[in-house]
Amino acid sequence: MKFNGRNIFVHPRAKLGRNVKIGDNAAIYDGAEIGDDAIICNDVAIGEPLAAYYRDPNYENPPTVIGPNALVRSHSIIYAGCTLGPGFSSGHRVTIRENTIIGERCSIGTLSDIQGSVTIGNYCRLHSNVHVSQTSSIGDFVFLYPFSVMTNDPYPPSEDIQGGRIGSYTQVGVHAVILPGVQVGENCLIGANSVVRKRLPDFSLASGDPAKVVMDVRNYVVMGKGKPYPWMSRFERGMPWEGIGYETWIAQGQLKRDE
Amino acid sequence: MKFNGRNIFVHPRAKLGRNVKIGDNAAIYDGAEIGDDAIICNDVAIGEPLAAYYRDPNYENPPTVIGPNALVRSHSIIYAGCTLGPGFSSGHRVTIRENTIIGERCSIGTLSDIQGSVTIGNYCRLHSNVHVSQTSSIGDFVFLYPFSVMTNDPYPPSEDIQGGRIGSYTQVGVHAVILPGVQVGENCLIGANSVVRKRLPDFSLASGDPAKVVMDVRNYVVMGKGKPYPWMSRFERGMPWEGIGYETWIAQGQLKRDE
Amino acid sequence: MKFNGRNIFVHPRAKLGRNVKIGDNAAIYDGAEIGDDAIICNDVAIGEPLAAYYRDPNYENPPTVIGPNALVRSHSIIYAGCTLGPGFSSGHRVTIRENTIIGERCSIGTLSDIQGSVTIGNYCRLHSNVHVSQTSSIGDFVFLYPFSVMTNDPYPPSEDIQGGRIGSYTQVGVHAVILPGVQVGENCLIGANSVVRKRLPDFSLASGDPAKVVMDVRNYVVMGKGKPYPWMSRFERGMPWEGIGYETWIAQGQLKRDE
């Protein structure tokens, strides 16, 4: 239904792997390289040209790499200069600006807006409408929920950009804000609507504005549920430990760390 | 201007009622059924295929029903398996995922994101950029304002999804968050930026994080305005009591309740 | 890459200036007038018809003016009846509804949603996903950051719309909410996640919910940075004082004020 070969633009210098599908009305711009078995849905732009394109007659579009088995849903825009790892998937109308590097099997939800020069590790999930400002950095297995924001300008407006950092396994609740340059540790849980104003150590359960550490997340007890954090023993859908369990996966030495 | 018959895809098994208009670049996918006098604007997708479509060669698209007199504005995406009632209208770039049931004469604003398996009653209005998570439920005559969110995962990430419920006539302010599984009563007014962490009884005026009941909304007095809530006696644009007044409409026994 | 002349709709009564570029799949509707050297990217709609268009057979589209040197990025929708000044630029998927007047060299970020009958001065920057409700007014050199909102309905739902006002040079942090009818002074700095419930005088540094004046922004000292506000002496990218400095520019008498 979506792949009828209608009104597609593929630049002569774009490279398509084996068995790539391109949806109707999509545009694959100069320098894009799309891995085997990737699916680029309708109305998507891959290798979107940077601002200089519009005014510089000598503009050259930087290369864009979309890994194998990617699924980019309709109306998304991936800028030139991005590298998205194997198994990447997106919702609809996602924007990923230039020079963003995303690892393996990440998913970026509908309407999310990655502002460029962002680094995201492996197996991360950004839900709908997450905003990540320039030069932010995100570890592995990090989940961000709707309307959460990583900011980068401590004295707006300024040129003194300081992207923050979120450590691996951390969960960031809906409407949470990470202020510029703030380091959030690994395995943290940040409550809905929190404003994280300073560094959070690993295993923080933090909440409020300013976000305060309520307890070590490992001590968090839920009636009838035990201790839900760290979460890796109880959640495996789409994770590399799916089917074998996190402990076995760790014992097999397959953990990749980004630091 | 918008209906020039250019670059339109209509699947052979889609059914169009009388006097349906389809905008340029729109796609009407397999199993879609569009009611009489509906207007589907440019770049809209009706019956958007589910995730399984991309990998399952035996995939069959579930039926999608768009009621008569609908107006779906440009760039919106309505997934297969949805049923939208008569007089439905949307803003631009709305996403409504699979198995969502929406009653009569609802409007869903620009950029709103309905995550699927959601139930919405009649005459509801979601303003711009409202996010409703899976399995959430909304009564009749409910209004949600920009950036408000209904969440569903109490211990993220988990598979223990608990959609919340908002009762009829309730108003949910900008940036308000309803936490997973929370029941909001009828005729409530929830202030801007509130986080509703537990059940609110009918007629609550609630505000803050955690949202607390400030008073019975019927006692809320505004200088020079009297008591503005319940709001049905003073607002009728687009409501079924338009021109006759809420009290007359109730007296005529036309009230539909969803519970 | 983006300007291949494919699948473009230009209404016979639209007027294009010299050297205007129109991207693929764009639609320029009746009454649109586009200034010299403007760039309208792919999938953009200029002069989007108002709601009456869909039902009124005698509908006439109001004129839309896009100034010279504009850059409207892809998938944006500019309604009929808008006037956007010289050097306007937008991100992707911006919506600007009818009767909005925007001055010189403003930029409106990706996904921002201007609800109509809004007035914005000169050199303003709305970052991504800013929501401005109907009848709001914004001065010159105002910056709004992601997910900030100007609201307009004091007793929702009502017909008693009261758009707020933000004075020149003011900075509005991420996720901040301006409540209906509230006047924010000039040169204010509003913290992330604040809810501004009443008038703020000029030079307020305000934060929290309800937003309180923490100090005069001119007294705000940052370790190692001195006093960063007012910000005009330390930031000039894209401002009219770029290259000469704010003080020189003021001394030259070039300041335009909107009141």
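**Note on a predicted three-chain model**

1. Gly238(C) sits in the loop that runs between strand 30 (212-216) and helix 1 (246-251) of chain C. The model is a predicted one, and the points below should be read as statements about that model. Which residues does Gly238(C) touch, once its neighbours within four places in sequence are set aside? They are Arg105(C), Tyr123(C) and Arg125(C). A further reference point is Gly91(C): it is 147 residues away from Gly238(C) in sequence, and the C-alpha to C-alpha separation of the two is 16 Å.

2. Chain C contains an open sheet of ten strands, with parallel pairing and the order 1-4-7-10-13-16-19-22-25-28. Strand 1 (9-10) and strand 28 (195-196) of chain C are at its edges; each has a single partner strand, so one side of each is left without a neighbour in the sheet. Within this order, strand 4 (residues 27-28) of chain C is joined to strand 7 (residues 45-48) of chain C by two bridges, in the parallel sense. The residue of strand 7 of chain C that stands opposite Ala27(C) is Ala45(C).

3. Chain B has an open sheet of nine strands, also described by parallel pairing, in the order 2-5-8-11-14-17-20-23-26. Which strands form the edges of this sheet in chain B? They are strand 2 (15-16) and strand 26 (183-184), and each of them pairs on one side only. Inside the sheet, strand 11 (residues 83-84) of chain B runs parallel to strand 14 (residues 101-102) of chain B, with two bridges between them. Thr83(B) has Ile101(B) of strand 14 of chain B opposite to it.

4. Antiparallel pairing appears in a hairpin. In chain A, strand 29 (residues 204-207) and strand 30 (residues 212-216) run antiparallel and are joined by four bridges. Ser204(A) has Asp216(A) as its bridge partner in strand 30 of chain A. Four residues lie between the two strands of this chain A hairpin, and Gly208(A) in the turn has a positive phi of about 95°.

5. The hairpin can be checked in chain B as well. Strand 29 (residues 204-207) and strand 30 (residues 212-216) of chain B run antiparallel, again with four bridges. Here the listed pair is Ala206(B) with Val213(B), the latter in strand 30 of chain B. Four residues separate the strands of the chain B hairpin, and the phi of Gly208(B) in the turn is positive, about 100°.

6. How is chain B related to chain A? A turn of 120° with a shift of 0.0 Å along the axis lays chain B on chain A, with an RMSD of 0.0 Å. This is the relation of a three-fold axis. Chain B is laid on chain C by a turn of 120° and a shift of 0.0 Å along the axis, with an RMSD of 0.0 Å. The copies use different surfaces in their contact: 20% of the contact residues of chain B recur in chain C.

7. The contact of chain B with chain C takes 46 residues from chain B and 44 residues from chain C. About 3,500 Å² is buried between these two chains, with 54% of that area on carbon and sulfur atoms. Three salt bridges are found across the interface of chain B and chain C. One of the salt bridges joins the side chains of Lys2(B) and Glu48(C), at 2.7 Å from N to O. Polar contacts across this interface amount to 24 residue pairs, both residues being at pLDDT 80 or more. The side of chain B that touches chain C has 20 nonpolar, 16 polar and ten charged residues.

8. The contact of chain B with chain A takes 44 residues from chain B and 46 residues from chain A. Chain B and chain A bury about 3,500 Å² between them, 54% on carbon and sulfur atoms. Which residues of chain B lose the most area to chain A? They are Tyr54(B), Tyr155(B) and Pro157(B), which together account for 21% of what that side buries.

9. Polar terms at the interface of chain B and chain A are as follows. The salt bridges number three. Among them, Lys2(A) pairs with Glu48(B), the closest N and O atoms being 2.7 Å apart. There are 23 residue pairs in polar contact across this interface, both at pLDDT 80 or more. By class, 20 nonpolar, 14 polar and ten charged residues make up the side of chain B that touches chain A.

Key. Residues numbered from 1 in each chain as written. Chains lettered and ligands numbered in written order. Predicted model: local features only at pLDDT ≥ 70, side-chain atom pairs only at ≥ 80, totals over all residues. Heavy atoms only, no water. Contact = heavy atoms within 4.5 Å. Buried area = accessible area lost by both parts, 1.4 Å probe. Salt bridge = Lys/Arg side-chain N within 4 Å of Asp/Glu carboxyl O. Polar contact = N/O pair within 3.5 Å; in protein donor to acceptor, adjacent residues only side chain to side chain. Nonpolar A, V, L, I, M, F, W, Y, C, P; charged D, E, K, R; others polar. Pairing = 2+ DSSP bridges. Least-squares fit on C-alpha atoms with pLDDT ≥ 70 in both.
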